[in-house]
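Welcome! Let us look at this structure together and ask what stands behind each label.

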Amino acid sequence: MSEKTDTFKPFDPTEMFKSMRDTNMDAWSKMMIQLVNTDAYSEATGTMLDTWLTSSGPFRKAVEKAMTQVLTNLSMPTRADFFSLAERLTNIEMRLDDLEAKLDQSLRPVGKAATKA
Amino acid sequence: MTATETGNPTMPNVYEELLKIAGNSQTFQRLMLTDAKIAQTPKKLIWTLNKAKLFRYEPVAPEDKRRRIPLLMVFAIMNRPHVLDLRPGHSFTEYMLKFGYDLYLLDWGTPGPEDSALKFDDYALEYLPRVTRKIKSVTGSDKFSMLGWCLGALISTLYASLRPNDGLKNLILLTAPLDFSDKTSSGFSRWTSNPAFDPDKIIDAFGNVPGEMVDYGAKALKPVENFIGTYLNLWDNINNPKVVESWHAMNTWVRDVIPMPGGAYRQLINEFYKQNRLMEGKLALRGEPVDLAKLTASVLTVTADVDHITPPCQSAGAVERMGSKDKEIFRVHGGHIGIMAGSGAEKTTWPHIERWLAARDT
């Protein structure tokens with residue numbers, strides 16, 4: 001996809017790095033791919049993510065608890081209420097889908113007969 | 001010889017260069033921040049369930065040249081399926097319609113927080129059976145073909161193994177992540193097999209895995225190409241309309257990230273990546289054991305030889321275990337997305353899929 005031009009453009013800010021880039025890009029890319037594929041990288045990113053999730057967990061749970069308490073006191077639906085409602089709606093959709101399928105099945109012979117006639 | 005011919009800047013030349021750079025910068029910015037028109041092939045919505053939608057593409061081939069068996073396309077759950085119909089003139093959907101296929105697209109939609117419990121069990125045993133039932137009802141055909149890509153291929157394989165008598169005749173698997181026995185085969189396998197990587201904590205924190213997080217993970221596998229190379233390539237070719245149009249369409253699709261349901265993510269990491277349950281014969285969905293030997297449809301597996309997301313070994317090993325008598329592995333030179341959306345796809349992958357399906361359209 002890449003089509004490189006040989007014309008030197010002295011005022012293009014990327015031009016200054018172009019020759020250096022073309023020479024080193026492949027090597028740099030391979031090096032980075034090797035780096036992210038090491039166990040040390042996996043360990044480091046895994047540990048960082050784990051540390052952040054563990055340290056932010058109690059704060060997040062406290063906010064959630066407080067929010068649920070506030071909404072309940074205000075007689076407002078909570079996140080859990082919405083989830084439960086959404087689940088019920090999906091169940092209704094599934095029942096309607098089953099009914100539609102049964103209707104389609106029972107109407108098929110009628111449709112075929114009408115086509116023949 | 002003038003200064004311009006030798007490439008030395010003169011004052012008018014400098015001014016022109018600066019103007020050109022300013023214009024290119026504006027184009028660059030526009031391409032980065034705006035959406036190209038993708039997924040333009042006309043289609044009709046024929047079924048919905050929760051966020052999932054099933055579309056039927058409007059046929060373009062004359063009646064007498066249409067194929068008999070409908071084809072359902074199932075894409076991954078953490079990206080939009082528009083890459084199958086990227087842009088007019090370069091679209092797999094358009095290509096297959098020209099050959100007379102009755103084409104259906106399952107769009108899983110964007111999961112909300114209320115969908116965080118969705119698992120592969122639901123996709124394979126609740127959604128897909130309903131979708132195929134609808135297709136059979138619409139077409140009047142008892143048989144159908146299915147094309148799954150990436151996690152869409154995993155879901156299709158699970159469905160095909162669990163419901164072999166539903167009428168699935170032909171199964172095309174594109175870069176299917178099925179066999180995770182080699183923990184060093186890809187960056188994802190390495191990262192997720194590390195004990196410090198705990199998907200449960202991610203799900204507890206987010207509910208659904210944010211699209212940006214999944215996107216970052218995929219891009220970080222090839223950081224130089226994805227974070228720098230792609231933009232340099234655009235800048236180098238900013239005055240080439242063909243390259244710009246193609247880049248813009250692909251970037252529009254790449255930017256459109258969606259969250260991945262927490263339940264499915266947890267299952268993917270724990271049961272597939274870490275424990276390799278499908279290949280170990282220990283996977284059960286809603287209590288039903290998944291046995292690849294029960295998969296009887298004809299199978300075409302397409303692997304990409306430089307796929308950094310799903311390396312070929314994650315697809316090839318599983319094919320041997322499938323019960324089908326008619327199996328083929330087609331190896332394509334390219335990356336995870338490039339084999340279907342790259343500029344060479346029209347000459348390699350698409351014709352092969354079409355010919356393979358045409359030979360089995362009975």
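Some questions and answers about the contact of two chains and one helix follow. This is a predicted model, in which local features need pLDDT of at least 70, side-chain atom pairs count only at pLDDT 80 or more, and totals for chains, interfaces and linings use all residues. Residues are numbered from 1 along each chain as its sequence is written, chains are lettered from A and ligands numbered from 1 in the order in which they are written, and side-chain values use heavy atoms, leaving out hydrogens and water.

Q: Why is the pair Arg133(B) and Asp97(A) called a salt bridge?
A: A salt bridge is a side-chain nitrogen of Lys or Arg within 4 Å of a carboxyl oxygen of Asp or Glu. The closest N and O atoms of Arg133(B) and Asp97(A) are 3.0 Å apart, so the pair fits the rule. Across the interface of chain B and chain A, 8 salt bridges are found.

Q: What makes up the contact between chain B and chain A?
A: Contact means heavy atoms within 4.5 Å, and 48 residues from chain B and 44 residues from chain A take part.

Q: How much area do chain B and chain A bury between them?
A: About 4100 Å², with 56% of it on carbon and sulfur atoms. Buried area is the accessible area (1.4 Å probe) that two parts lose on being put together, summed over both.

Q: Which residues of helix α13 of chain B are called buried?
A: Buried means under 20% relative accessible area (1.4 Å probe, protein chains only). In α13 (residues 313–321), Gln314(B), Ser315(B), Ala316(B), Gly317(B), Ala318(B) and Val319(B) are buried. Helices are DSSP runs (H or I, at least four residues), numbered from the N terminus.

Q: What covers the buried residues of α13(B)?
A: The cover includes α6, α11 (262–274) and β9 (298–304) of chain B; strands are DSSP runs of E, at least two residues.

Notes
Buried < 20%, exposed > 50% of the residue type's maximum accessible area, 1.4 Å probe, protein only.
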